[in-house]
Amino acid sequence: MGDVGLFLSGAALFLNSFMLFGKADGKSVGYFNLFVGVLQVVIPFYLIVISDQQHWTIFNLASIFLFGLTYLFVGVTNVKGLHGSGLGYYSLWVSVIAILYAVVSFLKFYDTVGSLTWVAWAYLWFLFFLSGALNKKIDSYIGKVAFVQSWVTLTFPALLSMAGVWKTQAVSQAWTYVLIASFVYFIVCTIQLVLNSQKKEKRLKVQAAS
């Protein structure tokens with residue numbers, strides 16, 4: 001059941017990326033976020049209730065709430081046309097929690113793929129903080145990050161897990177390289193963003209001087 005939630009999270013993030021590109025209506029995408037958000041709150045409650053109640057089991061299942069509440073927050077913000085500052089500061093909190101999960105995944109469970117995935121999510125949530133709380137005009141850049149992550153951290157891992165091959169050594173090794181390649185792409189996009197921003201500032205200065 002957790003894999004199904006992960007799969008639908010990939011769909012929600014995929015739609016959110018096109019909303020950030022300005023190609024999908026925010027209100028219609030918001031309703032899908034609400035649908036996925038409700039599932040991502042109900043599912044972990046159910047899984048925790050039927051679990052063995054061990055603290056590490058609950059620790060892992062509780063992470064699903066981070067996604068569920070994010071999608072609910074995005075959905076309500078878009079549907080109601082609310083200011084994004086609340087979502088932005090919530091995203092900052094979640095990004096810190098995600099880093100903690102990354103550290104635990106690496107040091108406790110020796111899960112390199114899981115740790116890199118949490119780092120990727122932490123970065124995306126931090127970008128939502130920059131956009132929503134600090135009003136940085138980087139929606140297109142966030143859309144690129146969200147689009148890639150919708151596939152490499154959610155959709156494909158969920159499909160592979162449902163197929164029963166996610167935890168195999170070959171897939172784990174391959175996915176480590178996939179995630180590293182994603183980080184390289186994000187770095188390239190960041191450099192392009194900075195260079196474009198500098199060019200824009202120079203044009204504005206020239207226009208102001210003339």
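This report covers surface patches, a salt bridge, side-chain contacts, backbone angles and distances in one structure. The model is predicted.

**Surface patches**

Two patches are described here. One is nonpolar. Val4, Phe7, Phe156, Leu159 and Met162 make up this surface patch, and together they have about 410 Å² of accessible area. Two elements give two or more residues each: helix 1 (2–20) and helix 6 (139–162). Helix 6 provides the largest share, 3 residues.

Phe156 is one of the patch members. Phe156 sits in helix 6. Its relative accessibility is 37%, so Phe156 counts as partly exposed. Membership in a patch requires over 30% relative accessible area. Phe156 passes that cut-off because its value is 37%.

The other patch is positive. Its members are Lys199, Lys200, Lys202, Arg203 and Lys205. Lys200 belongs to helix 7, which spans residues 169–209.

**The salt bridge**

How many salt bridges does a search of the whole structure find? The count is 1. Its partners are the side chains of Asp111 and Lys167, with an N to O distance of 4.0 Å. The pair links distant parts of the chain, 56 residues apart. Asp111 is in the loop between helix 4 (85–107) and helix 5 (112–132). Lys167 is in the loop between helix 6 and helix 7.

The two partners fall into separate accessibility classes. Asp111 has a relative accessible area of 24%, so this residue is partly exposed. Lys167 is exposed, because its relative accessible area is 66%.

**Buried polar side chains**

Is Gln40 buried or exposed? Gln40 has a relative accessible area of 4%, so it is buried. The cut-off for buried is under 20%. Gln40 lies in helix 2, residues 26–49. A polar atom of the Gln40 side chain is 3.2 Å from the backbone oxygen of Gly5.

Ser91 is a second case. Helix 4 holds this residue. With 1% relative accessibility, Ser91 counts as buried. Which backbone oxygen lies 2.8 Å from a polar atom of the Ser91 side chain? That oxygen belongs to Leu87.

**Positive phi angles**

Most residues other than glycine have a negative phi. Two residues in this model depart from that pattern.

Gln53 is not a glycine, yet its phi is positive, about 65°. Gln53 is placed in the loop between helix 2 and helix 3 (55–80). Its relative accessibility of 44% is why Gln53 counts as partly exposed.

Tyr110 also has a positive phi without being a glycine, at about 55°. Where is Tyr110 found? Tyr110 is in the loop between helix 4 and helix 5. That loop also holds Asp111, the acidic partner in the salt bridge with Lys167. Tyr110 is at 68% relative accessibility, so it counts as exposed.

**Distances along the chain**

The table lists C-alpha separations for three residue pairs.

| Pair | Residues apart along the chain | C-alpha separation |
|---|---|---|
| Ala181 and Asn78 | 103 residues | 32 Å |
| Ile99 and Asp111 | 12 residues | 14 Å |
| Val104 and Ser115 | 11 residues | 7.8 Å |

Some context for these pairs follows. Ala181 is part of helix 7. Ala181 counts as partly exposed, because its relative accessibility is 44%.

Ile99 lies in helix 4. Ile99 has a relative accessible area of 39%, so it is partly exposed. Its partner in the table, Asp111, is the residue that meets Lys167 in the salt bridge.

Val104 is placed in helix 4. Is Val104 buried or exposed? Val104 is buried, because its relative accessible area of 18% is under the 20% cut-off.

**Helix 4 in review**

Helix 4 has come up several times. Ser91 is found there and is 1% accessible in relative terms. Ile99 lies there too, with a relative accessible area of 39%. Val104 has its place there as well, with 18%. The loop between helix 4 and helix 5 carries Tyr110 and Asp111.

Conventions
Residues numbered from 1 in each chain as written. Predicted model: local features only at pLDDT ≥ 70, side-chain atom pairs only at ≥ 80, totals over all residues. Heavy atoms only, no water. Patch = residues over 30% accessible without salt bridge, like charges linked within 9 Å, V, L, I, M, F, W, Y side chains within 5 Å. Areas by Shrake-Rupley, 256 points an atom, 1.4 Å probe, with all protein chains shown as cover. Lys, Arg positive; Asp, Glu negative; His and termini not counted. Charge placed at Lys NZ, Arg CZ, Asp CG, Glu CD. Helix = DSSP H or I, 4+ residues; strand = E, 2+ residues; numbered from the N terminus. Buried < 20%, exposed > 50% of the residue type's maximum accessible area, 1.4 Å probe, protein only. Polar contact = N/O pair within 3.5 Å; in protein donor to acceptor, adjacent residues only side chain to side chain.
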